[in-house]
Amino acid sequence: MSKAKVYFTKEITPQSLQKIYHALGVELKGKVAVKISTGEPGGHNFLQPEFIKDLVQELNGTIVECNTAYEGRRNTTEEHWKAIKEHGFPEIAPCDIMDEFGEFSIPVTNGVHLTENFVGEHLKNYDSMLMLSHFKGHLMGGFGGALKNMSIGVASSHGKAVIHGAGNPEEIWTADHDSFLESMADADKSVVEYMGKENLAYINVANRLSIDCDCDSNPHEPEMADIGIFASLDPVAIDQACYDAVVHSEDPGKASLIERMDSRNAIHTVETAAKHGIGTREYEIVEI
């Protein structure tokens, strides 16, 4: 597999977000889903509505999410809608909790652990999808980027438990850790095959680089400076590039984020996704 192109800009503005999407040279067709994290109330690192508004509106996109599988303000549809409204997303675009009325199963071909992935019922309504991810640390996954957004993020609440439990939702918090990471890659493979590679694009915004995820209601303050925006048509390459950018940064504040990523073996999700053939770890950075 040849090297993937990963576009990069240090500028983090609504205008640069549009510019980097245009650099991809892709036109997402039909009804476009924009998959973000709506952010657990109390947290403040999630991508802000004013930042993403121009791009979402240019795509005539619908902001999509699914309910969470942990105790919090987004684990029921009623409370999740309140959080979405409190965070201002309906003011910029239509919003959709994809598992509000149920889920359906999509097959995982040759998965390490999973044979099926349970996703929000409304995924059926979309022709293409932009994975618009905030790159940051994560308590369990080590980091969250495109691959986590496409696996855990697109999964229904029940589907999230299945992924975490490496196929057994009863083991949501107790399954073997690497098996959980491999199951995220399994889920990624199913979404890519269901949607079609040509109908997916990926943007990672590496700002507010906390060691904690936007699912945390009280995240640790970032210890390193913002890096920039990455975009690619390859979900493996974009997450690898973001990981490498943190590791190779000259910012001494990177130490805590590197410890969070490496102590959770975060790169194993990238490794497994590459083995699944949905992308390559070999990339070239194209600065715009």
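How do the residues of the lining of the largest pocket divide into nonpolar, polar and charged? Hold that question for a moment. The model is predicted, and a quick tour of the chain will help.

Start with the overall build. The chain has nine helices and 12 strands. Its C-alpha trace spans about 40 × 40 × 40 Å along the principal axes. The radius of gyration is 17 Å. A compact globule with 288 residues would have a value near 19 Å, so the chain agrees with that expectation.

Now look at the sheet. Eight strands form it, and the sheet is open. Read across, the order is β4-β3-β2-β7-β10-β11-β1-β12. The pairing is mixed. Two strands stand at the edges: β4, residues 95-97, and β12, residues 283-287. Each has a single partner strand, so one side of each is left without a neighbour in the sheet. Neighbouring strands are also turned against each other, by 25 degrees on average with direction ignored.

Next, pick out two neighbours in that order, β7 and β10. Strand β7 covers residues 128-134, and strand β10 covers residues 200-206. They pair in the parallel sense, over six bridges. For a single example, find serine 133. Its bridge partner in β10 is asparagine 204. A helix lies across these two strands: α6, residues 177-195. Helix α6 runs at about 135 degrees to β10.

Strand β7 also leads to the opening question. The largest pocket has a volume of about 580 Å³. Its lining holds 36 residues. Nearest its centre lie Tyr70, His138, Lys148, Cys213 and Cys215. Four elements give two or more residues each to this lining: β7, β8 (136-138), α4 (146-151) and α5 (157-164). The largest share comes from β7, with three residues. And the answer? The lining divides into 13 nonpolar, 12 polar and 11 charged residues.

Move on to the second largest pocket. Its space is about 150 Å³. Which strand gives the most to its lining? Strand β1, residues 4-9, does so with three residues. The lining is made up of Ala4, Lys5, Tyr7, Leu24, Lys197, Ser232, Leu233, Asp234, Ile278 and Gly279. By class, five of these residues are nonpolar, two are polar and three are charged.

Pockets are open, but cavities are spaces from which the probe cannot get out. How many cavities of 30 Å³ or more does a search of the whole structure find? It finds two.

Take the largest cavity. It holds about 40 Å³ of space. Its lining consists of Gly141, Phe143, Leu147, Lys148, Met184, Asp239, Ala266 and Thr269. Four of these residues are nonpolar, two are polar and two are charged. Notice Lys148. This residue lines the largest cavity, and it is also among the residues nearest the centre of the largest pocket.

The second largest cavity has about 30 Å³ of space. Several stretches of the chain line it. One includes Leu209, Ser210 and Ile211. Another holds His220, Glu221, Pro222, Glu223 and Met224. Gly253, Lys254, Ser256 and Leu257 complete the lining. Sorted by class, the lining has five nonpolar, four polar and three charged residues.

Note on methods: Residues are numbered from 1 along each chain as its sequence is written. This is a predicted model: local features need pLDDT of at least 70, side-chain atom pairs count only at pLDDT 80 or more; totals for chains, interfaces and linings use all residues. Side-chain values use heavy atoms; hydrogens and water are left out. On a 1 Å grid over the protein atoms alone, a cavity is a set of points where a 1.4 Å probe fits but cannot get out, and a pocket is an open set with protein on both sides within 12 Å along at least five of seven lines; lining residues have an atom within 4 Å of a point. Grid points are joined across faces, edges and corners, and a volume is the space filled by probe spheres set on the points. Ala, Val, Leu, Ile, Met, Phe, Trp, Tyr, Cys and Pro count as nonpolar, Asp, Glu, Lys and Arg as charged, and the others, Gly among them, as polar. Two strands pair if DSSP finds at least two bridges between them. Axes are lines fitted to C-alpha atoms, for helices over the stretch in contact, and angles run from 0 to 180 degrees between N-to-C directions. Contact means heavy atoms within 4.5 Å. The radius of gyration is taken over C-alpha atoms; the globule rule is 2.2 Å times the number of residues to the power 0.38.
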